[in-house]
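Dear colleague,

I am passing on the structure we spoke about, and below it you will find my notes on a sheet and on a cysteine link. Please read them with the structure open beside you.

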Amino acid sequence: MASSMGFILGLSCSVYFYAVIVVGISTEDEFEGSRTLPIEHSFSSGTKDFTKHGTIIIQSLKGNKAQFTPGSILTSKEIELLRSAAKTNGLYRVRIPTKVSGDNTVYVSAATKACSILESGLEEEITINFDQSGEVLGVSVGTKIPACTGLDVPDANLTTWKTVVEIASTVSGPIPDTQTYIEKIKRDEQEKLKNQDGDNRSFLGKYWMYLVPLIIMMVIMSSADQQGQGGGGGR
C-alpha cells in the first residue's frame, strides 16, 4: 500500500512538473518582441513644447498586446493649454522617438483635434505601426468622437488619461520571380539570333527546288516550239 501511494505521488509530481514547463514555454512565446516605448505629447504647435505623456509597453507584437502607463495626471496649466487649443481649433500631438544618435532624435508623430480630446474626457486611441523586424514605422492618435460640439467638460474629468493602445504590423506581399523572367527573356533573344543567323545560303541555294521545275518546263516548251516551226517549213 505504501509503495502504491509513493508511486502515485511520484507520478503526480512528474505531471505537475511537466505542466509547469509547458506553461513556462507558452508564456515566453506569448511575450515575443517585448519592448518599452516612451511617448510625449503637446497641446501647442511648438516643437519644444512636448512633455512626457507616459510609457507604452509592447508585450506581444503578434498578439497585439500593449499597455499604457501615464506619466502623471494633467496639471491645471496643461488643462488650460488643452482648453485654449480646443477653442482655437488647435491640435493635440503625440510623438515617439525611434532613433537616437547623439543630440539628434528621430520621431514618428501624429495629431488630432484638441477639442476631441477635451470633449472625450481624455479618452484617446493610439495605434503604433511596426515592420516585421519590430521597428516603429508610424503612429496615429484619435478619439471615438466623430465631431466636436462645444461640450463643456469640467476639470474633474480632465485629470486621468484613458488611453487604449493598438498594434499594427505590416505584412510583406509575394516576391516576384524576377530571375525566371530574366532567363525567359534571354532564351527568347537567343532563339531570335538563331533564326536570323541560322540560314546563310544564297538565293539559288534556298529556292532551287522551285527554279529547277520552272527551267525544265521552259526547256520543254522551247523545244516544242522549235519542232513546230520546223514541221511547218516542210509543207
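A residue is called buried when its relative accessible area is under 20%, exposed when it is over 50%, and partly exposed in between. Please also keep in mind that this is a predicted model.

On that scale C148 is partly exposed, because its relative accessibility is 31%, whereas C115 is buried, because its relative accessible area is 10%. These two cysteines are joined by a disulfide, with an S to S distance of 2.0 Å, and the count for the structure comes to 1 disulfide. The link connects distant parts of the chain, since C115 lies in helix α3 (residues 114-119) and C148 in the loop between β7 and β8, 33 residues apart. The link of C115 and C148 is right-handed, with 80° about the S-S bond. As a reminder, a disulfide is a covalent bond between the sulfur atoms of two cysteines.

The strands β7 and β8 that flank this loop also belong to an open sheet of 3 strands, which runs in the order β7-β6-β8 with mixed pairing. Its edge strands are β7 (136-142) and β8 (162-169), each of which pairs on one side only, and neighbouring strands of the sheet are turned by 20° against each other on average, with direction ignored. Strand β6 (residues 123-130) pairs with β7 in the antiparallel sense over 6 bridges, and E125 stands opposite G142 in β7.

With best regards

Notes:
Residues numbered from 1 in each chain as written. Predicted model: local features only at pLDDT ≥ 70, side-chain atom pairs only at ≥ 80, totals over all residues. Heavy atoms only, no water. Pairing = 2+ DSSP bridges. Helix = DSSP H or I, 4+ residues; strand = E, 2+ residues; numbered from the N terminus. Axes fitted to C-alpha atoms, helices over the stretch in contact; angles between N-to-C directions. Disulfide = S-S within 2.5 Å. Buried < 20%, exposed > 50% of the residue type's maximum accessible area, 1.4 Å probe, protein only.
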